[in-house]
Amino acid sequence: MLRSISQETRDAINTRKPCTVYLNGLIVDFDDVDIFKCDHQMIVNPVNTIGILGKGLAYAFTQHYPNECMQYKRMCSVGELELGKNILVVRAANKKLICFAPTKNHWKERSNPWLVVRTFANIVDYTNKNNVESIATPALGCGLGGMDWTKTWEMFLIELLKADKEQRW
């Protein structure tokens, strides 16, 4: 099953380090890139579902993409962003796709691994349906969400491999 993944990715799987995954035309960058300076088509912002962008990477997005963050806040204010069920993708003025990916309901909570993986599956599904070729994403749920990257990474790879097996790309 891992034949369609590069040797670099296999090495990263074995050491459980963040890396860039190349899988049948989709690039998913889990590496420590500057998400605001990268050339990827989509960048992912880990958020809560109540519309608070007060710390960490979520706050940094307010500085770089204030209009897009207002759309996220509006969606949250009417209860339309649901953890594990959907994501919000907005096209910025610079043509970059901004993905608001909920990793917890309230900013004070810890992230739930199963729901974060569902959120990642929603991102993968969106990329398939909308011909997105490259994504830069932080370790969803791991920073302020408190999840362990070595366990989360494995769950994300399983989602990518399931998508690969279904030949959705």
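A residue is called buried when its relative accessible area is under 20%, exposed when that value is over 50%, and partly exposed in between. His40 has a relative accessible area of 13%, so His40 is buried. This is a residue of a predicted model, and His40 sits in the loop between β2 (26–29) and β3. What surrounds His40 in that loop? Apart from neighbours within four places in sequence, His40 is in contact with Ile27, Asp29, Lys96, Ser134, Ile135 and Ala136.

From this one residue we can step back to the chain. It has 169 residues, and 48% of them count as buried. The chain contains five helices and six strands. Followed along the sequence, they come in the pattern α-β-β-β-α-α-β-β-α-β-α. Among the contacts with a separation of 6 or more, 62% are between residues 24 or more positions apart. On the outside, the chain exposes about 8800 Å², and carbon and sulfur atoms supply 49% of that area.

Since the model is predicted, the confidence values should be read along with the fold. The mean pLDDT of the chain is 82, and 79% of the residues reach 70 or more. Where is confidence lowest, and where is it highest? The lowest value belongs to helix α1 (residues 7–15), with a mean of 60, and the highest to α3, with a mean of 96.

Helix α2 shows how burial can be arranged around a helix. This helix runs over residues 56–64, and Ala58, Phe61 and Thr62 are buried in it. These three cover an arc of only 105 degrees around the axis, and therefore they lie on the same side of α2. The cover over the buried residues of α2 includes β3 (42–48), α3 (66–77) and β5 (97–104). The strand β3 that takes part in this cover is also the one that follows the loop of His40.

The next topic is charge. Side chains of opposite charge can pair when their charged atoms come close. How many salt bridges does a search of the whole structure find? The search finds two. One joins Asp125 and Lys129, at 3.0 Å from N to O. Asp125 and Lys129 are four residues apart in helix α4 (residues 113–129), so about one helical turn separates them. Asp125 counts as partly exposed, because its relative accessibility is 25%. Lys129, at 63% relative accessibility, counts as exposed.

The other salt bridge links Glu82 with Lys85, where the closest N and O atoms are 3.6 Å apart. Glu82 has a relative accessible area of 37% and so is partly exposed. Lys85 reaches 60% relative accessibility and therefore counts as exposed.

The last stop is a part of the surface without charged side chains in its list of members. Which residues make the nonpolar surface patch of about 270 Å²? Ile50, Ile52 and Trp107 make it. Trp107 is placed in the loop between β5 and α4. A patch takes residues with over 30% relative accessible area. Trp107 has 40% relative accessibility, which means that it counts as partly exposed. The loop of Trp107 thus lies between two elements already met: β5, which is part of the cover over α2, and α4, which holds Asp125 and Lys129.

Technical notes:
Residues are numbered from 1 along each chain as its sequence is written. This is a predicted model: local features need pLDDT of at least 70, side-chain atom pairs count only at pLDDT 80 or more; totals for chains, interfaces and linings use all residues. Side-chain values use heavy atoms; hydrogens and water are left out. Buried means under 20% relative accessible area, exposed over 50%, partly exposed in between (1.4 Å probe, protein chains only). The arc is that of the directions from the helix axis to the C-beta atoms. Contact means heavy atoms within 4.5 Å. pLDDT is the predictor's confidence in each residue, from 0 to 100. A salt bridge is a side-chain nitrogen of Lys or Arg within 4 Å of a carboxyl oxygen of Asp or Glu. Patches are made of residues with over 30% relative accessible area and no salt bridge: like charges are joined within 9 Å, nonpolar side chains (Val, Leu, Ile, Met, Phe, Trp, Tyr) within 5 Å. Accessible areas come from the Shrake-Rupley method with a 1.4 Å probe; for residues, only the protein chains shown count as cover.
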